[in-house]
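This report goes through the packing, the aromatic contacts and two backbone details of one protein chain. The sequence and the model come first.

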Amino acid sequence: MKTDKNKTENPDETKISAGQTFEGPQFVTDDLDNSDGQEDIEYMNSEEDIEFLDDFDPPKHRTFLKKSNLHINMHILLVTVILLIAVISVYRLNKWNKGTSLDDDTTDVDPSQFDVETLDMLIPMDASLLEGREDDGVTTILCLGNNPFTDDREDTGLASQIAAKTNATVYDCAFPDSSAACKYPVYNPEYTRDHFNLYYVVECFRNNEFTAISSIANDDPDPRYADTVEVMKTVDMDKVDVIVIMYDSTDYNNGTVTDNPDNPYDVTAYTGGLRTTIDNIKNTWPYIRVLVMSHTYAQYMDDNGNLYNGTLKDIGNGTLHHYLLMEANAAMDCGVSFIDNYFGTINEDNCEEYMSNYMHYNNAGREKLAERVADVINNHMGIVSSSTGK
């Protein structure tokens, strides 16, 4: 029997026939029964294997990489969100700055829907001030002021239209280009035109003396001054029921100070001239109602003829709106009625319709002013009793 020399017999090797198992530690046949499987499970749960697994420390670099990637991703997400917010903010700010175009078609807009709150203040007459005064049945109105009355003294003039709308007797005693404030605190013979300003006009009535103002008016080339003095001489103050005071934006345009904090009755200040004169009227003729009509919207013209919006232009003593507020305060201090023409009659929106230039009125403007004061005289001339408060 021949032997293969190249083959080395392994004494540990055991031939396996079909259906047999190899009892070594590595292999089992495919057709293991349940009992054999149970033995393997018991083997895996042995204490020796558990101790081996407890001592085994698997590498942690994979977990570290996952946490590191998550940390980086959170930073990227946060930066992305910040950039997105910044882009949206820039876009919205740019859009807001541009605004939106307004529709020029206003044919369907009803302006009556947009109410403006005026500074009107209507003070009823105290019945005690009328005691002993006989009512002659005729409403008599004395108008004091400047150009709103003097620019037109015909039927289309302000005084004439007030008379027509109230059925009253109206005396127009206004002087052109005069003002509510005086130029000097005491009369200066070198500046005789102070006689035409509010304080001195009322002093003429109080003293019933018209010699000086008549002489000064006759020397003026403008005949309206002399004409006004002649009307003044015909007024019976005992029959006057209402005094209407209206000055346009002259005090503002002249740069008159609105108020003197140290002396609220300084006649060289806008409100000082009003306070002093109104108090003199009330003390001399307590039965006369006083209606202060404010100036309307107007523009300021500088020495070069340039025009500026009076609502915005401050030439040293406040805007025209500031003069309005100070005038309203003065009327309130004196306890007399105040009619706000600045917001309630001719304003920045309708001035082109009612004004002939930057500060004077046309016929339609004077009619609108007359309608305002006539409404007060016809419908709001209330009387209250100081004892009952009614």
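## Nonpolar cores

The largest nonpolar core has 48 residues, and those that touch the most other members are Leu-142, Leu-144, Phe-205, Met-232, Met-237, Ile-243 and Ile-245. The model is a predicted one. Two or more residues of this core come from each of β2 (140–145), α6, α7, α8, β4 (242–246), α10 (270–284), β5 (289–293) and α11 (320–334). Helix α11 gives the largest share, six residues. Nonpolar side chains tend to be buried together in soluble globular proteins.

Met-237 shows the contacts of one such core residue. Leaving aside residues up to four places away in sequence, Met-237 touches Leu-142, Phe-205, Ile-243, Trp-285, Tyr-287 and Ile-288. Another core, of 25 residues, lies apart from the largest one, and its members include Cys-143, Leu-158, Cys-351 and Ala-370.

## Helix α7

Which residues of helix α7 are buried? In this helix, residues 211–218, they are Ile-213, Ser-214, Ile-216 and Ala-217. Viewed down the axis of α7, the buried residues fall within an arc of 165 degrees, so they line one face of the helix. An α-helix has 3.6 residues a turn, so residues three or four places apart point the same way. Thr-211 and Asn-218, on the other side of α7, are exposed. The buried residues pack against two helices, α6 (198–207) and α8 (223–232).

## Aromatic pairs and charges over rings

The model contains 12 aromatic pairs. One of them joins Tyr-187 and Tyr-200 in an edge-to-face arrangement, with 5.8 Å centre to centre and 70 degrees between the planes. This pair links distant parts of the chain, as Tyr-187 lies in the loop between β3 (169–172) and α6, while Tyr-200 lies in helix α6, 13 residues apart. Tyr-187 is partly exposed, with a relative accessible area of 31%. Tyr-200 counts as buried because its relative accessibility is 11%, under the 20% limit.

Tyr-200 also pairs with Tyr-199, again edge-to-face, at 5.0 Å centre to centre and 80 degrees between the planes. Tyr-199 has a relative accessibility of 21% and so counts as partly exposed. Elsewhere, Tyr-252, Tyr-270, Tyr-300, Tyr-308 and Tyr-323 form one aromatic cluster.

Two lysines place their charged ends over tyrosine rings, as listed below.

| Lysine | Ring beneath the charged end | Distance to ring centre |
|---|---|---|
| Lys-183 | Tyr-191 | 5.6 Å |
| Lys-313 | Tyr-308 | 4.4 Å |

Tyr-308, the ring under Lys-313, is one of the residues in the aromatic cluster.

## Asparagines with positive phi

Where does Asn-167 lie? Asn-167 is in the loop between α5 (158–166) and β3. The phi of Asn-167 is near 55 degrees, a positive value in a residue other than glycine. With a relative accessible area of 70%, Asn-167 is exposed.

Asn-208 is not a glycine either, yet has a positive phi of about 50 degrees. Asn-208 sits in the loop between α6 and α7. Is Asn-208 buried or exposed? Asn-208 is exposed because its relative accessible area is 59%, over the 50% limit.

Conventions: Residues numbered from 1 in each chain as written. Heavy atoms only, no water. Buried < 20%, exposed > 50% of the residue type's maximum accessible area, 1.4 Å probe, protein only. Helix = DSSP H or I, 4+ residues; strand = E, 2+ residues; numbered from the N terminus. Arc of directions from axis to C-beta. Contact = heavy atoms within 4.5 Å. Phe/Tyr/Trp six-rings, centres within 6.5 Å; stacked < 30°, edge-to-face > 60°. Lys NZ or Arg CZ within 6 Å of the ring centre and 35° of its normal. Core = buried A, V, L, I, M, F, W, Y, C linked by side-chain atoms within 4.5 Å.
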